[in-house]
Amino acid sequence: MGAFTTLRLESSEQVNHNTKRLRFRLPDPTANTGLTLTSAIITFHKPKDAWLPVIRPYTPINNINEPGYIELLVKKYPNGKASTYLHSLQPGDTLNIRGPMRRYPWRPNEFEHVNLIAGGAGITPMYQLIQGILNNLEDRSKIKLIFGVNSDADLVLKNELDAFERKFPDRFKVVYTVSDPGEGSPFPKGKITKELLERELVGAKDSKGTKVFLCGPPGMEASVAGTKGRFFGQAGILEEMGYSKEQIQKF
């Protein structure tokens, strides 16, 4: 996959009320995606009567070692120009992208304990990382995922995550929390709080062998990782718990 590429949509699957799974073919079905852990692509489209294109980053969720295609999990937002456009695509339509855009230089076995904190659509970079670590039998990093959503229906990729937990019980654990669970829901009610993180995060807080990755809505990220600012920056939950800035990576 080169710097600029046009992809053709192969299939579109409605995952829940506002999320679709879109599979795009690469021009060369035998070509590698060029994706690495962790990396994203940038989508481009130019709305009618608009001066500038709409540009957005998305993290592919497919196995990066499988050639010929990429898959995006796209949540449609009420006023989302990019997500509305992507949801409108039908099989056979094309999408212009650029990538891959590398985010964090993952190295197998650099960390003994890897904590992933995801909120809503922030699960996509976490899922890419989970797949890459677990599918590499030489990488012995142990992963704990804490996944918080608004409703039961928002637990996208749950089947895949549960399958990984069953297949790799000594390497991967997942914890779900739902802000507004439905009646009879099997999931605990709550947001991602300090109490939850103190109970669930793994690894020594003062160890270079412990890493925390974070991705979610701005409010959640600010609460968990704090805000930057010369005069009004605030510490987040992780810093209050004793994690250093070097241990925390936002996607």
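**Helix H5 and the open sheet**

Let me begin with helix H5, residues 218–225, whose buried residues, meaning those under 20% relative accessible area with a 1.4 Å probe and protein chains only, are Met220, Glu221 and Val224. These residues cover an arc of only 95° around the axis, taken from the directions from the helix axis to the C-beta atoms, and therefore lie on the same side of H5. On the other side of H5, Pro218 and Gly219 are exposed, which is to say over 50%.

I should say that this is a predicted model, in which local features need pLDDT of at least 70 and side-chain atom pairs count only at pLDDT 80 or more, while totals for chains, interfaces and linings use all residues. Residues are numbered from 1 along each chain as its sequence is written, and side-chain values use heavy atoms, with hydrogens and water left out.

The buried residues of H5 pack, with contact meaning heavy atoms within 4.5 Å, against strand E7 (113–119), helix H4 (194–200), strand E10 (210–215), helix H6 (237–241) and strand E11 (248–250). After H5 comes Gly226, with a positive phi near 85°.

Turning to the sheet, 6 strands form an open one in the order E4-E3-E6-E1-E2-E5, with antiparallel pairing, where two strands pair if DSSP finds at least two bridges between them. Strand E4 (54–58) and strand E5 (69–75) are at the edges with a single partner strand each, so one side of each has no neighbour in the sheet. Within this sheet, strand E1 (residues 4–14) and strand E6 (residues 94–102) pair in the antiparallel sense over 5 bridges, and the bridge partner of Thr6 in E6 is Asn96.

Note on methods. Helix = DSSP H or I, 4+ residues; strand = E, 2+ residues; numbered from the N terminus.
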